[in-house]
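User: Hi! Could you walk me through this model and tell me what lies behind each label you use?

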Amino acid sequence: MIQLPASYQEYLAGKSESFINTVRPILMQSAADKLHGVRVVVHPHDHQAHLDESVPFGSVVEDID
């Protein structure tokens, strides 16, 4: 089982279950390949997350759409 880095666990702390369910799979993918960080795009009614090669592994960046 892939272990999330502490920075990703801290990022998820206190977030809603629906937010975690959206973002966690991408965090797991990042933790598996250890190449890129994650960008979370915040929309008015939902969130999207994707790997971003401009974000260093272990980091999460939030953008507002």
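Analyst: Happy to. Read from the N terminus, this predicted model follows the pattern α-α-β-β-β. That gives two helices and three strands.

User: What makes the protein as compact as a globular protein of that length?

Analyst: The radius of gyration is 11 Å, and the globule rule gives 11 Å for 65 residues, so the protein matches a globular protein of that length in compactness. For the outline, the C-alpha atoms fill a box of roughly 30 × 25 × 15 Å along the principal axes.

User: How much of the protein counts as buried, and what supplies the exposed area?

Analyst: Of the 65 residues, 32% count as buried, where buried means under 20% relative accessible area. The protein exposes about 4200 Å², with carbon and sulfur atoms supplying 52% of that area.

User: Which residues touch the most other members of the largest nonpolar core?

Analyst: Leu4, Val23, Leu27, Val38 and Val40 do, in a core of 13 residues. The elements giving two or more residues to this core are α1 (6-12), α2 (17-33) and β1 (37-42). Helix α2 provides the largest share, six residues.

User: What is Leu4 in contact with, beyond its neighbours within four places in sequence?

Analyst: Leu4 is in contact with Gln9, Leu12, Arg24, Leu27, Met28 and Ala31. Contact here requires heavy atoms within 4.5 Å. One of these partners, Leu27, is also among the core residues that touch the most other members.

User: Why is Val61 called partly exposed?

Analyst: Val61 has a relative accessible area of 30%. Buried would need a value under 20% and exposed a value over 50%, so a residue in between is partly exposed. Val61 therefore earns the label partly exposed.

User: Where does Val61 lie, and which residues does Val61 touch outside the four places on either side in sequence?

Analyst: Val61 lies in strand β3, residues 60-64. The residues that Val61 touches are Val38, Arg39, Val40 and Val55. As for Phe19, Val61 is 42 residues away in sequence and 15 Å away in space, C-alpha to C-alpha.

User: How many contacts join residues far along the sequence, say 24 or more positions apart?

Analyst: Such pairs account for 30% of the contacts with a separation of 6 or more.

User: And how many positive and negative side chains are there?

Analyst: There are 4 positive and 9 negative side chains. The centres of the two sets lie 7 Å apart.

Terms used:
Residues numbered from 1 in each chain as written. Predicted model: local features only at pLDDT ≥ 70, side-chain atom pairs only at ≥ 80, totals over all residues. Heavy atoms only, no water. Helix = DSSP H or I, 4+ residues; strand = E, 2+ residues; numbered from the N terminus. Rg over C-alpha atoms; globule rule 2.2 N^0.38 Å. Buried < 20%, exposed > 50% of the residue type's maximum accessible area, 1.4 Å probe, protein only. Areas by Shrake-Rupley, 256 points an atom, 1.4 Å probe, with all protein chains shown as cover. Lys, Arg positive; Asp, Glu negative; His and termini not counted. Charge placed at Lys NZ, Arg CZ, Asp CG, Glu CD. Core = buried A, V, L, I, M, F, W, Y, C linked by side-chain atoms within 4.5 Å.
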